[in-house]
Amino acid sequence: MLNISDVAHEIQKGLNQNAYGINFAIYTDESEYKRALKSHTGKILYTNGLLRVGSSTIVPTQGLTVATQNATLEICVQLLNPDTDNEIIQNHRTVLDMYFQQYRIQTMDETDANRNVVKTYTVSALYSLANTGDVQLRDGIGTSITFYVNTEFAYIENGLNSSNCKYTLDGYPIPYSSAKITKNPVGQSDSFSNSGGKGETVNTSFVRSFDFQLPANISDLGEKILSELLSDDLNTEHTLVVTIGKRDYTYTVVFGLTDISLEGINNAGHNISLIERLF
C-alpha cells in the first residue's frame with residue numbers, strides 16, 4: 001500500500017498552491033519539523049503539519065490491492081505578532097477550508113527503494129473541514145494555534161472511481177449521490193439430443209436502465225424531473241450521455257419509476273430510473 005509519506009507530500013503540494021504565500025511543510029512520524037530557513041532576503045516561514053495514521057484496513061480481493069486508511073492531520077500555525085494574529089489565523093483557515101472542502105480523486109504510484117513504479121492506485125480522499133484547537137506556547141514553535149483535519153483515504157489498484165463517471169440528461173449534469181447501470185437480458189433455453197440434459201441459452205433481448213439517487217433542487221434538471229413526475233406523459237424521449245473516462249455513450253431514454261421524498265424539514269431527494277428506448 002502507499003506510504004503515508006507519499007500522501008503527506010500530495011497534501012503539502014496542494015496546500016502550497018495558495019494565494020496567501022503560506023508555505024506548508026507536512027510531515028509524518030518518519031520526518032521532522034521544518035524550521036524557518038535563512039535566505040539572502042530574510043527567512044522563509046513554514047507552517048508545519050503532522051499526518052498521523054489512525055487505522056488501516058485491507059479488503060481481501062483476488063489479486064488486487066484494495067484498502068482504506070484513516071489519518072489525522074494536525075496543522076500548527078505560529079502567531080508571531082498580536083497585531084497580525086487574527087489575519088494569520090483567518091488566512092490559514094481560508095486556505096485549509098478551500099482545499100479540504102473538496103472530495104479529491106487522484107492517481108498515485110507506489111515505488112520501490114529505487115523509485116521504480118510498483119503499483120498505481122486510484123485514491124479517493126474524504127476530508128473534514130478543519131477544527132480549531134487552542135492557542136498555546138509550544139516548545140520549538142512558540143505561541144501557536146492548531147487546526148485538526150480528519151481524513152479517510154480509499155485505495156484501489158488501477159481503480160475506476162465514481163468521479164470518472166458523469167451523466168447528463170438533455171445536456172444537464174446529473175448531480176447523483178449514487179448511480180447504477182443495469183443490463184437485464186431475456187434468454188431462451190432449448191435442450192438438444194445427446195446434450196445430457198443440458199440446455200443451450202440464447203439471449204434474445206435485453207433492457208438497459210439507469211438508476212440515480214440525487215438531491216432535489218430548483219434547477220432546469222429539477223424542473224424536468226418534477227414535470228415528468230407530476231404530468232401524465234409516458235414516453236417523452238430524452239437524451240442521456242454517459243461519460244466514463246474520456247469516452248461518451250449516448251442513449252435515448254424515457255423515465256421509468258421516479259419519486260421524490262419529503263420529510264419534516266429535511267432536504268428533498270429524488271430516485272429516478274431512466275430506461276433505454278430503442279424504437
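**An aromatic cluster and a one-sided helix**

Y99, F100, Y127 and F153 form one aromatic cluster. The model is predicted. Across the structure there are 9 aromatic pairs. A pair of aromatic rings is described by the distance of the centres and the angle of the planes.

Start with Y99 and F100. Their ring centres are 4.9 Å apart, with 85° between the planes, and the pair is edge-to-face. Y99 has a relative accessibility of 9%, so Y99 counts as buried, the limit being under 20%. F100 is buried too, at a relative accessible area of 1%.

Now turn from F100 to Y127. Here the centres lie 4.8 Å apart and the planes meet at 65°. Planes over 60 degrees apart count as edge-to-face, so the pair of F100 and Y127 is edge-to-face. This pair links distant parts of the chain. F100 belongs to helix α2 (residues 85-100), and Y127 to strand β7 (residues 117-127). The two are 27 residues apart. Both F100 and Y127 are buried.

Next comes helix α1, which covers residues 4-15. Its 12 residues, at 1.5 Å a residue, should span 16 Å. The end C-alpha atoms are 17 Å apart, which agrees. Which residues of α1 are buried? They are I4, V7, A8, I11, G14 and L15. Look down the axis of α1: these buried residues fall within an arc of 125°, so they line one face of the helix.

One more ring deserves a look. K183 lies over the face of F206, at 4.6 Å from the ring centre.

Methods: Residues numbered from 1 in each chain as written. Predicted model: local features only at pLDDT ≥ 70, side-chain atom pairs only at ≥ 80, totals over all residues. Heavy atoms only, no water. Helix = DSSP H or I, 4+ residues; strand = E, 2+ residues; numbered from the N terminus. Expected span 1.5 Å × (residues − 1). Buried < 20%, exposed > 50% of the residue type's maximum accessible area, 1.4 Å probe, protein only. Arc of directions from axis to C-beta. Phe/Tyr/Trp six-rings, centres within 6.5 Å; stacked < 30°, edge-to-face > 60°. Lys NZ or Arg CZ within 6 Å of the ring centre and 35° of its normal.
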